[in-house]
Amino acid sequence: MTEKRISRRDFIRFSGIGTAALLGGGTLVNFLSGCTTQEVVSPTATSGISGAAAAESTLPPGSGISGVEPDVEIAMRAVPSKISILPGEPTSVWQYQAELLKGPPGTLQNLPNTYLGPAIKLNTGQQVRVHFTNQLSEPSIVHWHGLHVPQEADGHPRLAIGSGETYVYDFQVANRAGTYWYHPHPHGRTGPQAYYGMAGLFLVSDEQERALGLPAGEFDVPLVIQDRTFDRDNQLIYMGNGIMTQMMGFLGERILVNGQPDFTLPVATRPYRMRLLNGSNSRIYKLAWEDGTPLTVIGTDGGLLEKPLQKKYITLAPSERAEIWVDFSQYPIGSQIRLVSLAFSGNDGDMMGGMMGDASLPQGAPFTVMAVEVAEKANSSTRLPEKLSSFSHYMAADAVNAGSPRTFTLAMSMGMSWTINGRTFQMTDVADDEIVKLDTLEMWEFINQAGGGSQGRGMGNMMGGGMTLPHPMHVHGLQFQVVEREIDPAFRGAWETVSDGYLDEGWKDTVLTMPGERVKILLKFEDFSGLYLYHCHNLEHEDMGMMRNYRVVS
Ligand code: C2O
Ligand code: CU
Ligand code: CU
């Protein structure tokens, strides 16, 4: 049986057919194991339905209600739906739909013609309540990626709710202005759920940002970049069942922007703010303007930079964001400018992909992402500010463990699964070296182990645990700062095809760690104690268990 056929069957199964078979946790496990491997769906994936809250005694079951009156109240649901993406048959998707129950009109912004959920637009300081109802036939939970929220509101997989259940989130928007986002986080099923359409932007604004007078309204353009593969009937194919695809991460053969293929953005001859989100499961983009114009970067995962930055290209790994400033005033009407992804290397996976006949658009292959069409004249006095924001820089010397960073080694185990310090995810497990203290600044180091040590990088070695791939490492609950990178000389060549595109100058919640690379970050655990996650944001790696808890203790 080909991979394609397996995957298509997987999609049909999860698009609503056979819903009855999914009722009840035990049944779900049996049902899934009929078509997947243990690595894909471990029994813990479903234990979250009832046992989750109980396992973490500090949490009230099924709810994060704080009792504080919300300024904004939203009813949100995850539902199967259909949408026209390609000409012909509509595509079955899963999506977030939302309704504003209370709060300023404009809090929810629906993007046109897309499976993506509405952009949720909030201000720092607002108290938010979200009633999330799961209308899928399998457990799910929403995670607010990049937000600094209490553990009850973080969407940890142990909080996943079953079909028909509702989870209430209560939190205050503590983050500074920036481009954050939301997506599902049930253990073992984040990859497919996000792939079938569940994701949306979470845009925060604040005083400091508004004072800059950056392009707003239609001139502030969200661009969510994803890759998808369609079958002949326009249905999404997810190759989540193949163990090779799991190990490498899913790579789609078509690029979608805001859920649309061949995306073209009509613009006027004036400046724009563009918010780029890599919402792909595992694809990394090396973004550049095709005509060689440098990109003017104004923001990263955690909001605006201190000052604009000129880049030949931006390396954007899954879940990373970059905000750019683009001024089209010099372009003649009718001109087209393409945003492309340039070729890069650094994937043993290239080899694996070719071998498996998978990924017609391999990781690192060049392609067009979208086009911009200069369609009308405009006059604007908007200028790029020289200074965008100010924030404090963590000092390595202030870290409680500056001399000996907490290290996290990323490697493939002999059992063919991606691991962090040799471990995989267990729902509520926290190892001794995963406990941190509230109100401390720490240094962490992610080490992407180079090719399995001395064994070389041959085929046998890949199967035996030496395969190396990029890992975008994400930490929940906070924004961190990148302080140092080091590359193993054997991997320098490949590394240099992406390293100029890193945006280490700003606040980050995800940091790409290339093969042979070590990255040091500084993070501060503030305000909330409890159980949070850190993981690889290659969603197939995450679903395989390349994810761990860390606990903040007071
Ligand atoms: Cu986008 Cu666990 O996160
Ligand atoms: Cu996150
Ligand atoms: Cu990974």
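**Two copper sites and two sheets in a predicted model**

In sequence, the donor residues of the copper ion, ligand 3, follow the spacing H-x64-C-x4-H. I start there, and then go outward. Please keep in mind that this is a predicted model.

The residues behind that pattern are H471, C536 and H541. H471 and H541 each offer ND1, C536 offers SG, and the distances to the copper ion (ligand 3) run from 2.0 to 2.1 Å. H471 belongs to strand β26, while C536 is in strand β30, residues 530-536. That pair, 65 residues apart, links distant parts of the chain.

Are these two donors buried or exposed? H471 has 0% relative accessibility, so it counts as buried. C536 is also at 0%, and it counts as buried.

Next, the copper ion that is ligand 2. Its protein donors are H143 and H474, each through NE2, lying 1.9 Å from the ion. H143 is in strand β6, residues 142-145, and H474 is in strand β26, residues 471-475. Here the two residues are 331 apart in the chain. H143 has a relative accessible area of 1% and is buried. H474 is buried too, with a value of 0%. Strand β26 therefore comes up at both sites: H471 in it is a donor to ligand 3, and H474 in it is a donor to ligand 2, both residues being buried.

Now to the sheet that holds β26. Five strands make up this open sheet, in the order β24-β31-β30-β26-β28, and the pairing is mixed. Which strands stand at the edges? They are β24, residues 435-437, and β28, residues 510-513. Each has a single partner strand, so one side of each is left without a neighbour in the sheet. Ignoring direction, neighbouring strands here are turned against each other by 25 degrees on average.

Within this sheet, β26 and β28 run antiparallel and are joined by four bridges. One residue to pick out is H471 again: its bridge partner in β28 is T513.

There is another open sheet of five strands, ordered β13-β21-β20-β15-β18, with mixed pairing. Its edges are β13 (264-268) and β18 (314-316); each has one partner strand, so one side of each lacks a neighbour in the sheet. The twist from one strand to the next averages 25 degrees. Inside it, β20 (residues 336-341) and β21 (residues 367-376) run antiparallel, with six bridges between them. L339 stands opposite M370 in β21.

Some figures for the whole chain. It has 11 helices and 31 strands. Of its 554 residues, 62% count as buried. The exposed surface is about 19,500 Å², of which carbon and sulfur atoms supply 51%. Among contacts between residues at least 6 apart in sequence, 80% join residues at least 24 apart.

Last, confidence. The mean pLDDT of the chain is 86, and 83% of the residues reach 70 or more. Where does it fall under 50? Over residues 1-62, a stretch for which the model has 94 contacts beyond four places in sequence. Residues 353-357 are below 50 as well, with five contacts beyond near neighbours in sequence. Among the elements, helix α2, residues 25-33, has the lowest mean pLDDT, at 26. The highest, 99, belongs to strand β8, residues 178-184.

How values were computed
Residues are numbered from 1 along each chain as its sequence is written. Chains are lettered from A and ligands numbered from 1 in the order in which they are written. This is a predicted model: local features need pLDDT of at least 70, side-chain atom pairs count only at pLDDT 80 or more; totals for chains, interfaces and linings use all residues. Side-chain values use heavy atoms; hydrogens and water are left out. Donors are N, O and S atoms within 2.8 Å of the metal (3.2 Å for Na, K and Ca); water is not among the atoms, so sites may look incomplete. Buried means under 20% relative accessible area, exposed over 50%, partly exposed in between (1.4 Å probe, protein chains only). Two strands pair if DSSP finds at least two bridges between them. Axes are lines fitted to C-alpha atoms, for helices over the stretch in contact, and angles run from 0 to 180 degrees between N-to-C directions. pLDDT is the predictor's confidence in each residue, from 0 to 100. Contact means heavy atoms within 4.5 Å. Accessible areas come from the Shrake-Rupley method with a 1.4 Å probe; for residues, only the protein chains shown count as cover.
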